[in-house]
Amino acid sequence: MEFNIKSGSPEKQRVACVIVGVYESRKLTLAADLLDRISNGFVSDVIRRGDMEGKLGSTLVLHSVPHALCDRVMLVGLGKEREFRAKEYREAIRASIRALAQTSANEAVSYLTELPVKKHEVEWMVEQATVVTLDALYRFDRFKSKVDDPLRGPRKLTLAVPRRSDLADGEKGLARGLAIGAGMALAKDLGNLPGNVCTPSYLAEEARNMAQSLGAEAEILDRAAIEALGMGSFLSVAKGSVQDPHLIVLKHWGAKDRNDAPVALVGKGITFDSGGISLKPGEGMDEMKFDMCGAATVLGAFKAAVEMKLPINLVAVVPTCENMPSGGAVKPGDIVTSMSGQTIEVLNTDAEGRLILCDALTYTERFNPSCVVDVATLTGACVVALGHIATGLYSNQDALARELAAAGEEVGDRAWHMPLWEEYQEMIKSPFADMANIGGRPGGSVTAACFLSRFAKSYDWAHLDIAGTAWKSGKEKGATGRPVPLLVQFLQDRADIALGNVVRRGRPRREVAEPVEDDAD
């Protein structure tokens with residue numbers, strides 16, 4: 001799909017469709033009003049008759065509007081007439097794209113990107129419209145011999161900006177939006193692949209190919225190299241599978257000084273999780289192909305950051321394997337030794353994500369990172385706590401948690417800061433080892449984060465539990481691409497800080513404060 005940025009009047013557009021907005025009060029946006037004037041009140045007459053009430057997300061396609069040069073005019077409901085908010089803006093954009101895809105229009109100009117949105121500017125408007133459009137048009141039909149309900153979508157979409165002086169900002173927003181959209185698409189593609197295709201070796205090869213295409217560095221560690229590092233916890237999870245484990249390491253040196261401390265992203269890459277000996281129930285087990293969405297997210301965010309040429313050093317570390325039951329699989333009650341030397345009593349083999357992440361977190365120390373963010377579909381307990389709306393956010397530094405939460409708010413990919421208090425550490429004590437890998441049902445997401453925190457004491461660290469946000473079940477079953485937008489915005493903010501910028505794109509005029517020491521405990 002081709003995107004363009006343009007400044008021009010809607011009544012002069014010779015395209016298949018022009019998209020404009022209408023409020024519940026029947027008030028027309030400026031672009032809609034210009035079309036109404038040239039058509040001698042045709043648009044307002046349609047609204048007056050009640051065919052379009054302006055409810056947020058509603059749409060109506062008008063054909064042959066008098067004196068308009070376009071074939072169609074799409075009216076999009078904007079809700080109540082007041083200062084437009086980010087969430088409402090995204091909803092209006094998504095509704096317009098879905099409606100457009102049901103028409104045969106192959107080219108459209110959207111004037112929704114000219115709407116005034118509270119606390120946001122042109123770059124943000126265009127970026128978000130691009131991301132939402134790509135997300136709305138995404139389909140995964142690679143394994144279908146016949147597509148049942150094809151979503152057509154336009155070949156070309158032009159996003160309008162209010163003034164010619166806004167064109168440069170619009171182009172910047174478009175470039176960012178395309179990069180984020182590509183990162184989300186990669187994360188969704190990897191997540192949606194079945195476990196018999198997306199094996200640890202497949203994931204490692206995809207990461208290598210991506211890095212090569214981006215000009216980044218890639219190192220893939222095999223079983224022998226992982227054993228040599230002493231990653232006994234990681235290897236214990238891989239024991240039950242015929243698939244070999246891999247440790248994927250990607251590096252992007254975008255800062256002026258290669259010696260600048262990198263930001264590190266760590267992603268859980270369990271390409272299929274049967275639960276191991278602690279076997280999961282059969283119902284819904286097919287969705288455990290999504291247990292590598294943390295890895296997919298990290299790879300997607302890495303891709304977007306490199307395509308955006310962010311001036312920061314960035315490292316991605318992905319431990320990947322399967323968790324399967326077999327005669328050689330790790331058993332409840334077994335004790336394993338992590339790369340850090342700490343011992344772990346495995347009380348439940350279905351709490352395997354933390355067992356591979358802990359060794360990856362220890363490995364990441366060698367890069368002397370400025371901060372580390374791990375991403376994992378870690379606990380069902382997080383879904384119980386936060387549902388499918390917000391990602392669970394834990395950190396050993398409150399300042400880092402605030403950065404991540406603010407980044408999520410900026411792009412509508414929200415995370416909620418959860419407690420990581422010392423009292424919870426008591427719940428993972430073991431009489432036989434340094435710790436147990438579970439702490440019981442109460443506070444399960446918290447105790448999982450507490451477990452990981454024991455391997456992240458040498459740097460600022462945050463953990464994103466995406467068990468409730470990484471994929472959807474039911475009719476819309478599939479990977480969501482979250483939290484790629486959150487991570488990319490976080491990396492963009494870090495880049496701004498590195499450049500000394502204090503005025504953020506798309507945000508109200510405010511400073512982005514550099515992180516300060518602030519213990520979470």
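A residue is called buried here when its relative accessible area is under 20%, exposed when that area is over 50%, and partly exposed in between. These terms recur throughout the following account of the structure, which is a predicted model.

Helix α14, formed by residues 444–453, illustrates the first of these classes: 10 of its 10 residues are buried, and the helix is thus described as mostly covered. The buried set includes polar side chains such as S445, T447 and S453, together with V446, F451 and L452. For the chain as a whole, 59% of the 521 residues count as buried.

The overall dimensions may be considered next. A compact globule of 521 residues would have a radius of gyration near 24 Å, and the value for this chain, 25 Å, agrees with that expectation. Along the principal axes, the C-alpha trace spans about 85 × 50 × 40 Å. The secondary structure comprises 15 helices and 20 strands. Among contacts with a separation of 6 or more, 77% join residues that are 24 or more positions apart.

Helix α15 offers a local example of such a long separation in sequence. This helix covers residues 484–499 and contains L486. L486 counts as buried because its relative accessible area is 0%, a value under the 20% cut-off. The C-alpha atom of L486 is separated by 5.6 Å from that of D413, although the two residues are 73 residues apart along the chain. Leaving aside residues up to four places away in sequence, L486 touches L404, A407, G408, V411, D413, A415 and L464.

Aromatic side chains provide a further view of the interior and the surface. The structure holds 6 aromatic pairs. One of them joins Y363 and F367 in an edge-to-face arrangement, with 6.0 Å from centre to centre and 70° between the planes. Y363 and F367 are both buried. W421 and Y424 form a stacked pair, with 6.1 Å between the centres and 25° between the planes. W421 counts as partly exposed because its relative accessibility is 47%; Y424, at 22%, is likewise partly exposed.

The outer surface and the charges complete the description. The chain exposes about 21300 Å², of which carbon and sulfur atoms supply 49%. The chain carries 61 positive and 69 negative charges, and the mean positions of these two groups are 6 Å apart.

Key: Residues are numbered from 1 along each chain as its sequence is written. This is a predicted model: local features need pLDDT of at least 70, side-chain atom pairs count only at pLDDT 80 or more; totals for chains, interfaces and linings use all residues. Side-chain values use heavy atoms; hydrogens and water are left out. Helices (H or I, at least four residues) and strands (E, at least two) are DSSP runs, numbered from the N terminus. The radius of gyration is taken over C-alpha atoms; the globule rule is 2.2 Å times the number of residues to the power 0.38. Buried means under 20% relative accessible area, exposed over 50%, partly exposed in between (1.4 Å probe, protein chains only). Contact means heavy atoms within 4.5 Å. Accessible areas come from the Shrake-Rupley method with a 1.4 Å probe; for residues, only the protein chains shown count as cover. Lys and Arg count as positive and Asp and Glu as negative; His and the chain ends are not counted. The place of a charge is taken as NZ of Lys, CZ of Arg, CG of Asp or CD of Glu. Rings of Phe, Tyr and Trp (its six-membered ring) pair if their centres lie within 6.5 Å; planes under 30 degrees apart count as stacked, over 60 as edge-to-face and the rest as tilted.
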